[in-house]
Amino acid sequence: MSIPLYVKIKDEDNVAIAVNEIKAGTEVMEGVTARHDIPQAHKIALQDIPKGEPVIRYGVVLGYALEEIKKGDWINEFMLELPTPPDVDNMEFATNIVTDLPEPPVKTWEGYRNPWGGPAGTRNILGISTTVQCVTGVLNVAVEKMRKELLPKYPNVDAIVPINHAYGCGVAINAPEAVVPIRSLRNLAKHPNFGGQLMVVSLGCEKLTVEKLLDEADISPENVIVLQEKQGFQAMIDALMEMADKKLKILNERKRETLPLSDLLIGMQCGGSDAFSGVTANPSAGYAADMLVKGGATVMFSEVTEVRDGVYLLAHRCINEEVGKKLAAEMKWYDNYLKEGEVDRSANPTPGNKKGGLANIVEKAMGSIAKSGTSPIVEVLSPGEKPTKHGLIYAATPASDIVCGPCQLASGIGLQVFMTGRGTPYGLAIAPVIKVCSRNDMKEQWPDLIDVCAGPIATGDATIADIGTLLFNEIIDVASGRKKPFAEQYNLCNDLCIFNPAPIT
Ligand code: CA
């Protein structure tokens, strides 16, 4: 079977993307000859596009031609004028509610039920929360010692993870937007992978007090260590070791059990995207998401600036006006947040995205939304909030990989599926990350970092349903602890960058 030269998505599209590099002079389809070398994943014009006329991919206007574009031209990011963003005040809700979803091959998984209720754990971890960065140095020394001296005694515990972060002091703790980092840290302290065991390290004079981080009922000497109350460094280490030992003993009794998919909560995000992400990796993830939702699981997708240009498509999928209004409110909040910084959504695509053929944020958004599949959106969350419903959830977060990750963790995800075009070794300490790449070349370059390759969809060797089903099975295996994705095997984890839209003092 010969590899196709291009991928065109909708009939009305006047551009297609190159599966591999297309040399100038190649006849791409009848009547269309490449006028330049077209780099892999970049766009070629299939028609003459006069100045000011729309460039269309995914059936949507990516932008308007700044100069006349000839049939066969390479279209890059400098040739398009960005359209105005869709109006969020007059969106239609619940006009596209899809109930015909693909049936999942299995409906159970093996997870850790929690005394706190909510979603079950995918791993068994001692998570040690902190109220402030000031304690990080001491905690890190203690954690190294715990890993060496305590962890080997408790074989059922997977890891000990300090929740180190930059928040906690020198911050405007009463600023309205401080609710975002405070809520995130509160929810992280009770992540489903921590099995109901709370351990918190405080300095003693910080703004994020223990009372702000924990519920009153959880504040006790069994759960909280205050460093300023200790007689010197060694006493701090001793206290941390002693508390960790007690918590680990309890965690070691945790057992996996067979659970319905309704106890599973996962997140999806993408990073280092290219023009194939929206054709291969993200639609496969969307297919797996639809299967999970059909089976009763909860799936979260995020990244405000990467859905902003297609937000009306999401509004049509919101189950009712209440959910739709929250979606609009989150978009407006982010529009204002960007405006305060004197930028807009066009600040999003990276040089790597553009090298990968993504001309602008509209094109990136259309590809990004594909990861949400077709399921109805049952709930919209503010950054770091926990879901109250089962099904597909839109959790508003920044698109930044390293900020979206902790936001989704705070919302309680037990696993993240991460789609990439250009490649990133991204990982999280608290939950496993499955990486899905958009091109075969990426898998060949990083065979030991990419878990699932969606490239065969572009070359016609697999369908979206094939890779989507493969990914679904991978999600179940990893969530159930039968398999570790590469990032987990190597212990690759990014820092927990907590989203703080409030001022620092
Ligand atoms: Ca991202």
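**Exercise 1. The parallel sheet**

How many bridges join strand E16 (residues 265–271) to strand E20 (residues 416–420), and in which sense do the strands run? Place this pair in its sheet, then find a helix that packs there.

*Solution.*
- Step 1. E16 and E20 are joined by 5 bridges and run parallel. The model is a predicted one.
- Step 2. Take one position: Gln-269 stands opposite Phe-418 in E20.
- Step 3. Look for a helix. H12 (residues 464–479) packs on the sheet and touches E16, E20, strand E21 (433–437) and E22. Its direction makes about 160 degrees with that of E21.
- Step 4. Widen the view. The sheet is open, with 7 strands in the order E18-E19-E17-E16-E20-E21-E22 and parallel pairing. Strand E18 (377–381) and strand E22 (452–453) are the edges, each pairing on one side only.
- Step 5. Turn to E18 and strand E19 (392–395). Helix H7 (residues 321–340) lies across them, at about 35 degrees to E18.

**Exercise 2. Two glutamates with positive phi**

Glu-303 and Glu-342 need a closer look. Is Glu-303 buried or exposed? Is Glu-342 buried or exposed?

*Solution.*
- Step 1. Recall the background: most residues other than glycine have a negative phi.
- Step 2. Check the angles. Phi of Glu-303 is near 65 degrees. Phi of Glu-342 is about 60 degrees, also positive.
- Step 3. Locate them. Glu-303 sits in the loop between strand E17 (298–301) and helix H6 (311–317). Glu-342 sits in the loop between H7 and helix H8 (351–355).
- Step 4. Apply the cut-offs: 20 or more C-beta neighbours within 10 Å means buried, 12 or fewer means exposed.
- Step 5. Glu-303 has 28 such neighbours, so it counts as buried. Glu-342 has 7, so it counts as exposed.

**Exercise 3. The N-terminal strands**

Which strands pair with E2 (residues 15–18)? Relate them to the domain division and to the UniProt record.

*Solution.*
- Step 1. E2 pairs with strand E1 (residues 6–7) in the antiparallel sense, over 2 bridges. Here Val-7 has Ile-17 as its bridge partner.
- Step 2. E2 also pairs with strand E5 (residues 43–45), again antiparallel, over 3 bridges. Here Ala-16 has Ile-44 as its bridge partner.
- Step 3. Set the domains: domain 1 spans 6–81, domain 2 spans 125–251 and domain 3 spans 265–489. The centres of domain 1 and domain 2 are 53 Å apart.
- Step 4. Consult the record. An unreviewed UniProt entry annotates residues 13–81 as "domain: SAF". That stretch is 0% helix and 38% strand, with its end C-alpha atoms 17 Å apart.

Terms used:
Residues are numbered from 1 along each chain as its sequence is written. This is a predicted model: local features need pLDDT of at least 70, side-chain atom pairs count only at pLDDT 80 or more; totals for chains, interfaces and linings use all residues. Domain bounds come from an automatic or database domain assignment. Two strands pair if DSSP finds at least two bridges between them. Helices (H or I, at least four residues) and strands (E, at least two) are DSSP runs, numbered from the N terminus. UniProt positions are given in the numbering used here, feature names are shortened, and annotations may be inferred rather than shown by experiment. Two residues are in contact if their C-beta atoms, placed from the backbone, lie within 7 Å. Axes are lines fitted to C-alpha atoms, for helices over the stretch in contact, and angles run from 0 to 180 degrees between N-to-C directions.
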